[in-house]
Structures are given as C-alpha cells and as structure tokens.
Amino acid sequence: MGACLALCSLASCASCLCGSAPCLLCGCCPSSNNSTITRLVFSFFLLLGTLVSVIMILPGMETQLRKIPGFCQGGSAIPGYENQVNCDVIVGYKSVYRMCFAMTCFFFLFFAIMIRVRSSKDPRAAIQNGFWFFKFLILIGITVGAFFIPDGTFNTVWFYFGVVGSFIFILIQLILLIDFAHSWNKVWVGNAENGDNKCWFAGLLSFTVLHYALAITAVVLFYVYYTQPDDCTTHKVFISLNLILCIIISVVSILPKIQEAQPYSGLLQASLISLYTMYVTWSAMTNNPNRKCNPSLLSLVSNVSTTEPSADGTPGQVQWWDAQGIVGLIIFLFCTLYASIRSSSNTQVNKLMQTEEGGGSGGEGVVGEDGIRRAVDNEEEKVSYSYSFFHFHLCLASLYIMMTLTNWYQPDTTTQAMQSCMPAVWVKMTSSWLGLGLYLWTLIAPLIFPDRDFN
C-alpha cells in the first residue's frame, strides 16, 4: 500500500516537472502567481550552481579527491585500472569557470528564446513556466560539456567576459537596492502615518543611523589599513572621492525641492547606497596587486605580514576565502531573491528592470481535475516581467558569481596561477561611480522633466 502511494506521489511530481506550471511549489505557496514561482525556480537553479561552485573551490578539495582510489590522475590507483579524471580541472578556479560558463550559456539560451514574449498565450511561455525536469537535464548536459573544454586561452578569455558581465551586474544590484530602500521607506512611512504609531519613524531613524555609522566606520578603517603615508595614492583618491559623493547624494536627497517632487525620498535610501558604495570601494581595494596597500583581512587580525611575490615573479599563495567575497555572496543572494519576488511601485525602477507595477499577492491557487494545486496564471493578458531580461539578469549573475568566488583574480597562463589585477579595481570603482550617478539621477530627474511621471 505504501509503495502504491509513493508511486502516485512520484507520478504527481512528474506531471509537475514536465507540465506547464511549477505546481511543486504551490503546495507551500497556495496563493502564488505563476510568474513569481517561475522566477523562484530559475533562481534556485542559479543558487544550486553557485553551491556546486563553492564546493569545488573549497580549500583541500583536490587533496581529498586524490585519495579516492582510481579517480584522479596522479592520485591513489587501483591495480589494473588507469585513473582518468584530471582533478586540476574539476576543482579550483578552473572548475568554477566551467560551472559558471555552463550557467551563463543556459540562461543566455533562454534569454534568446524568450525575446518579445508578450503574454502566457505565447507558446514559448509554456517553456518558460514548465518542463523543469528537461531544463534541469539541459543544464546538466551543458555543465558536463563545459568540463571538456581544453584550457588553452579559455580561462583568460572567459575572465574578461566575467569582468564585463560583473560590471553590469553590480549596477543592477545597486538598482535593486535602491528599489528595496524606496519600497522599505514608503511602507514604513505609510504605516506610521496611517496607524499614528511613531515606532515606525523610530525604526527608520535607527536603520538610517546604523547605515551611516557603518559607512563612516568603513571609511576610517580604509584610511588606517589600506593607505600608507608615502604610498597608496590611488586608494586615498578612491576613498575620498566616494566619501564626497556619498555626502552629496545625502544632502541632495533631503533638499526641499527634491522632497516636494518625491515625498518618499529620504536619508534611508541614501544611507543604504552609501554603505553599499563603501563595500564596493573595499572590494576594489582588495584587488590591488600592491600588497603594501592591500593587506589581507587574515593578516590584519593575526598581525602577520602578507605574502609577497617571489623574486622570480611567481605570485604568492592566493586567498580564495576573504571577508569581501563572503559579503558579496550575501548581497548577491539577497538581490537574487528580491528580484524573484519583487512587486515594486517605483516607475523608474520598473522601466529599468523591464517589469510591470506590482499588484500585491496573487489569488488562490487553482486545483485541477487531477487534484494537483497549480499556480495562478496572472499573465494571460500581459507578462508581469520581461522573460528575456530576467534571464539576462541571471546570465550576468552567473558571471558575477564566477568573479566573486575566484576573488576577481586573473588567470596567468604562463604560471597556471591566479593574480590580482588593476582592471578589476577600475571596473568596481567605475561601477560605484555610475551607481551613485544613477541614484542622483533618480532624485533630480523629476525636477528636470516635470511633465513626466516619476512616481
């Protein structure tokens, strides 16, 4: 009897995996829209690939694999059996490059397929919102194929793809953070005004002060540890310039004219953007190849001098896991989840992200004739988000994950090692400046174009 029930359960799951609606999640989310669940499942694919990449780059993973008899070339052998697996490729930065290459190709494929899908009546919408088992097989197939790519110049060329894609994704992250802060401020201010409860204002003030306190603390630490009295001029310029820009956007956000045009604009958004800008500044400085200006966090805590390159030019041992990389992953996870469930009323952000104004939570899940609860199709008339842009966003996210996990190190084909490089520094700093400029534009645009709707 139990076996029969198990087979029935598997059959219902199979219909969900191969059908046109992701009903596996509907049991947990009975009031979900089809569009939201689809984005969550695709985001789960991305997070699953990220988890695999993290496991592959764990310190000591290659040593452990070589202990498996008959697995790695040059590792423990089984008499009469030749080891076939090149463990140099399936672990370390090479494996991360190939895993993220597979995810990028997977999402780019769907980006191309879903161009100009207008509603769920388009036959391609069924591909977007269903057939998850086959999508998973496609992802696995691309991943397996990626590990057969010969080294050659692949790592170097893909590094530059990662730099460009990560540059764009950092800007998208900033847009999402602006949207999140805007929605956060609007909801809490609305609750305070409607409920006559001053605790909401106290909460906004507390978080604003906390963000600014963390940002100011970061600036002080940057000057102490990432600059030298007679060196590190570039870092001094970076820190000072971004500090000045953060002060400017904070002042502009509370000007009377700005408040009149945008009543929900305030210091909460400016404080969050300032804190994120300081994170990007820190992340950029940690990629400076000059170790005198770039001490590792481990050396700061343990008071041990950082590893200098050897006299023959061979780079020192790289540090895969550092604080800025971990913080970057946390911000990435938050933005990915927020992009999947966001329901924003910010017209400017919706235009940039190619989404429609949110209409709140979905209706009740529909129970079909087979008894399976399915998500509500809320896109019969018009899609609530751009399918192709969403996949393009995940495509860029795959490249960003690749660069974050490898600490933005550049592959050196001559030494087969990884080195810090100045291009990564300039990419991050330029993205921070463009992000601050973008936020400043969202503040002053209603004044420059008063006839347009920026609410």
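F42, F45, F106, F107, F110, W132 and F136 form one aromatic cluster. The model in which this cluster appears is predicted, and the cluster is one place to start reading it. Aromatic rings are a recurring theme here: the count of aromatic pairs comes to 29.

Two of these pairs share F207. In one, the partner is W184, with the ring centres 4.9 Å apart and 70 degrees between the planes, an edge-to-face arrangement. This pair links distant parts of the chain, since W184 lies in helix α8 (residues 154-195) and F207 in helix α9 (residues 199-225), with their positions 23 residues apart in the numbering. The two partners can be told apart by their exposure. W184 has a relative accessible area of 14% and is therefore buried, the cut-off for that class being under 20%. F207, at 33%, is partly exposed, because that class covers the range between the buried limit and the exposed limit of over 50%.

The other pair brings in W188. The rings of W188 and F207 are also edge-to-face, at 5.9 Å centre to centre and with 70 degrees between the planes. Here too the pair joins helix α8, which holds W188, to helix α9, which holds F207, and the two residues are 19 apart. F207 of α9 thus has ring partners in W184 and W188.

From these side chains, turn to the chain as a whole. The chain contains 17 helices and 4 strands. It has 455 residues, and 47% of them count as buried. Among contacts with a separation of 6 or more, 75% are between residues 24 or more positions apart. The exposed area of the chain is about 21800 Å², with 68% of it supplied by carbon and sulfur atoms.

The interior also holds enclosed space. How many cavities of 30 Å³ or more are there? The count comes to 3. The second largest cavity contains about 90 Å³ of space. Its lining is made up of 13 residues, and those nearest the centre are Y279, S283, Y400, W408 and K428. Helices α12 (267-285), α14 (323-341) and α16 (387-405) are the elements that each give two or more residues to this lining. Of these, α12 provides the largest share, 4 residues. What is the chemical character of the lining of this second largest cavity? By residue type, 7 are nonpolar, 5 are polar and 1 is charged.

Methods. Residues are numbered from 1 along each chain as its sequence is written. This is a predicted model: local features need pLDDT of at least 70, side-chain atom pairs count only at pLDDT 80 or more; totals for chains, interfaces and linings use all residues. Side-chain values use heavy atoms; hydrogens and water are left out. Buried means under 20% relative accessible area, exposed over 50%, partly exposed in between (1.4 Å probe, protein chains only). Contact means heavy atoms within 4.5 Å. Accessible areas come from the Shrake-Rupley method with a 1.4 Å probe; for residues, only the protein chains shown count as cover. On a 1 Å grid over the protein atoms alone, a cavity is a set of points where a 1.4 Å probe fits but cannot get out, and a pocket is an open set with protein on both sides within 12 Å along at least five of seven lines; lining residues have an atom within 4 Å of a point. Grid points are joined across faces, edges and corners, and a volume is the space filled by probe spheres set on the points. Ala, Val, Leu, Ile, Met, Phe, Trp, Tyr, Cys and Pro count as nonpolar, Asp, Glu, Lys and Arg as charged, and the others, Gly among them, as polar. Rings of Phe, Tyr and Trp (its six-membered ring) pair if their centres lie within 6.5 Å; planes under 30 degrees apart count as stacked, over 60 as edge-to-face and the rest as tilted.
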